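Got your viewer open? Let's take a walk through this one, selecting a few residues at each stop.

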Amino acid sequence: MDWRDEGALISVRRHGESAAIIEVFTTSHGRHAGVVRGGTSRKVAPVLQPGAQLDVTWRGRLEEHIGTFTVEPLRSRAGLMSDRLALAGLNSICALLHFALPERESHPDLYATTVDLLDGLGAKQDWVLDYLRWELMLLEELGYGLDLTRCAVTGGREDLAYVSPKTGRAVARDAAGDWADRLLPLPACLLGQGPATPGEVTAGLSMTGHFLEHRLAHDLHRKLPEARRRFIEMLSRQG
């Protein structure tokens with residue numbers, strides 16, 4: 001059994017004397033693990049940095065085996081080392097992919113969006129908004145999608161200001177009434193209204209975090225990765 005694909009490296013751990021086990025989020029094979037022989041050597045270890053874009057060839061005797069990877073670097077994202085917030089964003093992305101994605105299940109749309117986000121970290125002016133939208137897409141891909149297009153009460157599309165923590169549906173400001181303090185704020189930047197300030201994006205991440213924690217993590221019986229919390233804390237200090 002063998003295949004060749006392209007992917008972003010999301011995790012690395014030492015294996016034995018000199019090998020490493022890596023996980024790569026690939027175009028056609030989803031989150032996939034494999035052993036890299038000599039992965040801790042001076043030649044290979046610098047290539048195996050989280051976020052690196054790789055050309056990978058996987059081989060195994062049987063499809064269900066962990067198998068081995070041969071890797072070739074396509075582009076490094078090591079430049080993010082000089083940007084603490086962008087590096088924290090990269091670590092959060094990798095940790096959430098490792099945490100949330102089923103093994104060997106293809107998600108081509110999420111993959112394409114993830115690569116675009118990784119390429120834009122620290123480079124695009126509004127990359128933190130792209131990150132927030134990426135978390136929404138991750139929820140959607142895994143069956144926990146939110147409906148932010150119309151009010152759950154009135155059906156209208158105007159002045160959407162909240163999200164129901166139970167249904168994940170938007171609620172208009174006037175329709176919220178006495179229930180407003182029990183709803184999650186819906187940042188205007190997610191609706192294309194107003195700037196994506198750190199405060200607005202942090203509020204949005206609080207919203208997505210509710211569903212990541214109380215739906216996804218609850219169903220997986222695991223806690224959300226610490227890397228996500230560290231990223232949000234760093235972002236909130238900039239607000």
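Start with the largest pocket of this predicted model, which holds about 210 Å³ of space. To light up its lining, select Leu205, Ser206, Gly209, Glu213, Lys223, Leu224, Pro225, Glu226, Arg228, Arg229 and Ile232. Which helices give two or more residues to that lining? They are H5, spanning 198–220, and H6, spanning 226–238. Now try colouring the lining of this pocket by class: you'll get 5 charged, 4 nonpolar and 2 polar residues.

Next, hop over to the second largest pocket, with a volume of about 150 Å³. Its lining takes in Gln49, Pro50, Gly51 and Ala52, then Ser76, Arg77, Ala78, Leu80 and Met81, and finally Leu87, Leu90 and Asn91. Colour these by class too: 7 are nonpolar, 4 are polar and 1 is charged.

Keep Asn91 selected, as it lines this second pocket and also takes part in the contact of H1 with H6. Show helix H1, residues 84–100, together with H6. How do these two helices lie? Their axes come within 8 Å and cross at roughly 150°. Angles over 145 degrees count as roughly antiparallel, so H1 and H6 fit that description. Their crossing is left-handed.

Who touches whom here? On the H1 side, pick Arg84, Leu85, Ala88, Gly89, Asn91, Ser92, Ala95 and Leu96. On the H6 side, pick Ala227, Arg228, Phe231, Met234, Leu235 and Gln238. By class, this contact between H1 and H6 has 8 nonpolar, 4 polar and 2 charged residues. Did you spot Arg228 again? That residue of H6 meets H1, and it was on your list for the largest pocket as well.

For the last stop, leave H1 on screen and bring in helix H3, residues 127–141. What angle do H1 and H3 make? It's about 5°, with the axes 12 Å apart. Angles under 35 degrees count as roughly parallel, which is why H1 is called roughly parallel to H3.

Zoom in on the contact itself. H1 brings Leu85, Ala86, Gly89, Ser92, Ile93, Leu96, Leu97 and Ala100, while H3 brings Trp127, Val128, Tyr131, Trp134, Glu135 and Leu138. Sorted by class, the contact of H1 with H3 has 11 nonpolar residues, 2 polar and 1 charged.

One more thing to click on: Leu85 of H1 is in the contact with H3 and also in the contact with H6.

Definitions and conventions:
Residues numbered from 1 in each chain as written. Predicted model: local features only at pLDDT ≥ 70, side-chain atom pairs only at ≥ 80, totals over all residues. Heavy atoms only, no water. 1 Å grid on protein atoms, 1.4 Å probe; cavity = no way out; pocket = protein on both sides within 12 Å on 5 of 7 lines; lining within 4 Å. Points joined across faces, edges and corners; volume = space filled by probe spheres on them. Helix = DSSP H or I, 4+ residues; strand = E, 2+ residues; numbered from the N terminus. Nonpolar A, V, L, I, M, F, W, Y, C, P; charged D, E, K, R; others polar. Axes fitted to C-alpha atoms, helices over the stretch in contact; angles between N-to-C directions. Parallel < 35°, antiparallel > 145°, perpendicular 65-115°, else oblique. Left-handed = near helix turned anticlockwise from the far one by under 90°. Contact = heavy atoms within 4.5 Å.
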